[in-house]
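I opened this model to look up its sheets, its salt bridges and a few unusual backbone spots. My notes follow in the order I took them.

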Amino acid sequence: MKFFVTIITILFSCYLQAQEKLPANNLSIKIFIRDAEEKKPLAGASVMIPSLKKMVVADSNGAAIFTQIPAGKYAFKISYIGYADQEIIIELPQNEDYYEVLLSHDEEHDEEEEVIVTATRMSRSIADIVTRVETISGEELTEKGNMKPGDIRMLLNESTGIQTQQTSATSYNSSIRIQGLDGRYTQILRDGFPLYAGFSGGLSLMQVAPLDLKQIEVIKGSSSTLYGGGAIAGLVNLVSKTPTNEKELSFLANATTAGGLDLSSFYSKKFNKIGLTVFGSRNTSNAYDPAALGLSAIPKFARYTIHPRLFFYGNKTNANFGVNYITEKRLGGSMDYIKNGSLGYFENNQTNRLTTQFQLTHQINEQSNFVFKNSYSRFNRSIQIPSYEFKGLQQTNFSEATYQYKATNQDWIIGANFISDHFKEMSQMVANPKDYQFNTWGIFIQNTWQASEKVSIETGLRGDYVKQFGFELLPRIAFMLKANSQFTFRLGGGMGYKTPTVFNEEAEKLHFRFIRPIDQLVATNERSIGGNFDINFRTRIGEIGLTLNHLFFYTRLNSPLLLVNSGTSSSFVNANGFISTKGMETNMRLSYNDFKLFIGYTYADVNTHFNNVKNWSPLTSKHRVNNVLMYEKEGKFKMGAEAYFFSPQQLNDGALGKSYWIFGLMAEKIWNNFSLFINLENFTDTRQTRFDTIFTGSMNNPNFRDIYAPVDGFVVNGGLKLKL
């Protein structure tokens, strides 16, 4: 703790000294930045005075206001994503009350949409982010949203290096695996808030509809320094849409041949000092059994979502507050039981999820601001199977305060947070309830330094303390070298940890039955260290645009939790050994006129090293191939074809799964405010039930095997989108 206090004291001292060097006077200047064609204000444009190391971000009116400027002649550099940079010379005191600068679109970058990333806590263009971040945004988010508008499972599963692992054959529940590591090692955030940890991570992928998402950001590898424990494999940040001056009113209706129906709506508008977004959806499905086994591959479910957010804009202070409520009933298992109430196996899930988010941002001066965040989550879920029921309530509270300081070539973030995570088992007649209450105190510091035009360095250090499991010190570092306009190199690494709980894939498969609570006197945090190195190449060959990214990764996870069976009860204990995952990812993008081709390949060598014995880790494909070909007439029509390959996987029962391909086709016809879409998912009807079994035993008492391939088979969905 003394170390962190010392660092913070030094930083604040440097900041105060820097302020004292500027002459004290009252000269000021206002600069309005607008689009050269439409004359609309460019909120968020940055204006810099390099000689004074001052930078201001334009407000909602496109105004950048500088104060406390000494008399003299200065160069002002104005930049905005997607526009050509501009420099103007102004002498102070000036004759004009204000200046207006018109920016034109940068034709060189029109081919690729610029994306602003927030997952690293630094709001920068993805091209300038030192830590490697992948995004799903813009047209890609829209296209994948057409394929499954009811949840984000497909959005993530079709990305290189990410696999969504189905944990229930009948309820369709899934988790995210990044680079072959178990789903509990991936941290899922909503706008930077940790709302899906522990018990509340159950069914999370199936309960987030994508219509109100602006983008999805993915960081692979140990990222606990950024947001705390849980991000050993990486983190996924779901970024919501925010209001703009232009009203958005969108509707989506989608139906499937499996009996599914999705209805979603989204409204957004900024009214001077107030903004509003409202999202609502109804997602339902009938039970679906394509293999005629008598068991549901897709359960019968009904889910309702409402998510309003209110935004307040001041001269120096902005704030927003949102509430998200989701309620769902999900019933899978015997088709006779679901339809007729006959005797048979069933799995009944009922969930209620309530979350709140609050964020306040105050601009202290041109170079620094203060941010406060708070969220509350209440997750209630019951799981019922024949002769057994598990019920639990999880409540979490997250608070964070950060101070951000921006200079010409450096960004600093200093912050502290507190997370209260309380779980209470509500099942009847429980001898050993799985109750826990963890309070995590954290403090962190992060710096991004642009050492030169070509070299940037990002460093971070976090300290977390949990009473039951002690203190964790988590450093991280990343380098970026922009060798030239074609080559960019990134190298990064860090440490991570995960507080032990029983809520993971293995326990989910067993519905948490016969599982004892964590022994807090014996268990320790799971800890990791890892790194990655990637090369990005971009060029044009005649009329063909080429982008190539190649990533090498390695993570070592020490003392992971293992489920140990002992008669009628099981316990999670720290293993004597570690898990290693190493490999590479290759992504290639080719564009030619109206055609775009995406090719991705993942090699993941994931092994357990327990008691000096090396074994292939279950449910990891060593080889995966992603192929997507798109043809698009801008604003008129788009169609695409996709093909995905999965190599054989080791299963928990000792068997080896089969390799398989999945193929799909999609098309969308677009008018001004209206579009029709159709998607043929898995049209070759690849199903695990066609080449392998999914359970042993009887229909009334099935013992389910690992689900490593699709079980729903060929499904057609289609619908309409309306934008007013």
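Two strands count as paired here if DSSP finds at least two bridges between them. The model is a predicted one, and I kept that in mind throughout.

**Entry 1: the antiparallel open sheet**

I began with a sheet of 4 strands, which is open, antiparallel and ordered E3-E2-E5-E6. Its edges are E3 (54-57) and E6, each of which pairs on one side only. From one strand to the next I noted an average twist of 25°.

I then went through the pairings. E2 (residues 46-49) runs antiparallel to E5, and 3 bridges join them. In that pair I found Ser 46 opposite Ser 79 of E5. E5 (residues 72-79) and E6 are also antiparallel, with 7 bridges. Which residue of E6 is the bridge partner of Ile 78? I found Gln 86 there. Lys 73 stands opposite Glu 91, also in E6.

E6 (86-92) is followed by a loop that leads to E7 (98-103), and Pro 93 lies in this loop. I checked the peptide bond between Leu 92 and Pro 93 and found it cis, with omega about 0°.

**Entry 2: the mixed open sheet**

Next I looked at another open sheet of 4 strands, in the order E10-E14-E15-E13, with mixed pairing. E10 (134-137) and E13 (186-190) are its edge strands, each paired on one side only. Direction ignored, neighbouring strands are turned by 15° against each other on average.

Do E13 and E15 pair in the parallel or the antiparallel sense? They are parallel, over 5 bridges, with E15 covering residues 234-240. Arg 190 is placed opposite Leu 238 of E15. I also noted helix H2 (residues 138-147), which lies across E10 and E14 (213-220) and runs at about 65° to E10.

**Entry 3: E20, E21 and E22**

I moved on to E20 (residues 317-333) and E21 (residues 346-363), an antiparallel pair with 17 bridges. Here Tyr 325 stands opposite Leu 354 in E21. E21 is also joined to E22 (residues 368-385) by 16 bridges, again antiparallel. Thr 351 has Arg 381 of E22 as its bridge partner. How many residues make the hairpin connection from E21 to E22? I read 4 residues.

**Entry 4: salt bridges**

Side chains of opposite charge can pair when their charged atoms come close. My search of the whole structure gave 33 salt bridges, and I wrote up three.

Lys 220 forms one with Glu 585, with the closest N and O atoms 2.8 Å apart. Lys 220 is in E14 and Glu 585 in E33, so I logged this as a link between distant parts of the chain, 365 residues apart. Are the two residues buried or exposed? Both Lys 220 and Glu 585 are buried. The two also belong to a network of salt bridges that includes Arg 132, Glu 134 and Asp 534.

Asp 605 and Lys 582 meet in a salt bridge at 3.3 Å, N to O. Asp 605 lies in E34 and Lys 582 in E33, so the pair ties together parts 23 residues apart in sequence. Asp 605 counts as buried because its relative accessibility is 10%, under the 20% cut-off. Lys 582 counts as partly exposed, at 34%.

The third is Arg 690 with Asp 685, where the closest N and O atoms are 3.9 Å apart. That is within the 4 Å limit for a salt bridge. Arg 690 counts as exposed because its relative accessibility is 52%.

**Entry 5: positive phi values**

I found a phi near 50° at Asn 593, a positive value in a residue other than glycine. Asn 593 lies in the loop between E33 (577-592) and E34 (595-610). Its relative accessible area is 56%, so Asn 593 is exposed.

Phe 514 also has a positive phi, near 65°, and is not a glycine either. Phe 514 is in the loop between helix H6 (505-509) and E29.

**Entry 6: a nonpolar patch**

Last, I looked up a nonpolar surface patch of about 410 Å². Which residues make this patch? They are Ile 477, Phe 479, Leu 491, Phe 533 and Phe 552. Phe 533 sits in E29 (residues 526-541). With a relative accessibility of 31%, Phe 533 counts as partly exposed.

Methods:
Residues numbered from 1 in each chain as written. Predicted model: local features only at pLDDT ≥ 70, side-chain atom pairs only at ≥ 80, totals over all residues. Heavy atoms only, no water. Patch = residues over 30% accessible without salt bridge, like charges linked within 9 Å, V, L, I, M, F, W, Y side chains within 5 Å. Areas by Shrake-Rupley, 256 points an atom, 1.4 Å probe, with all protein chains shown as cover. Salt bridge = Lys/Arg side-chain N within 4 Å of Asp/Glu carboxyl O. Helix = DSSP H or I, 4+ residues; strand = E, 2+ residues; numbered from the N terminus. Buried < 20%, exposed > 50% of the residue type's maximum accessible area, 1.4 Å probe, protein only. Axes fitted to C-alpha atoms, helices over the stretch in contact; angles between N-to-C directions. Contact = heavy atoms within 4.5 Å.
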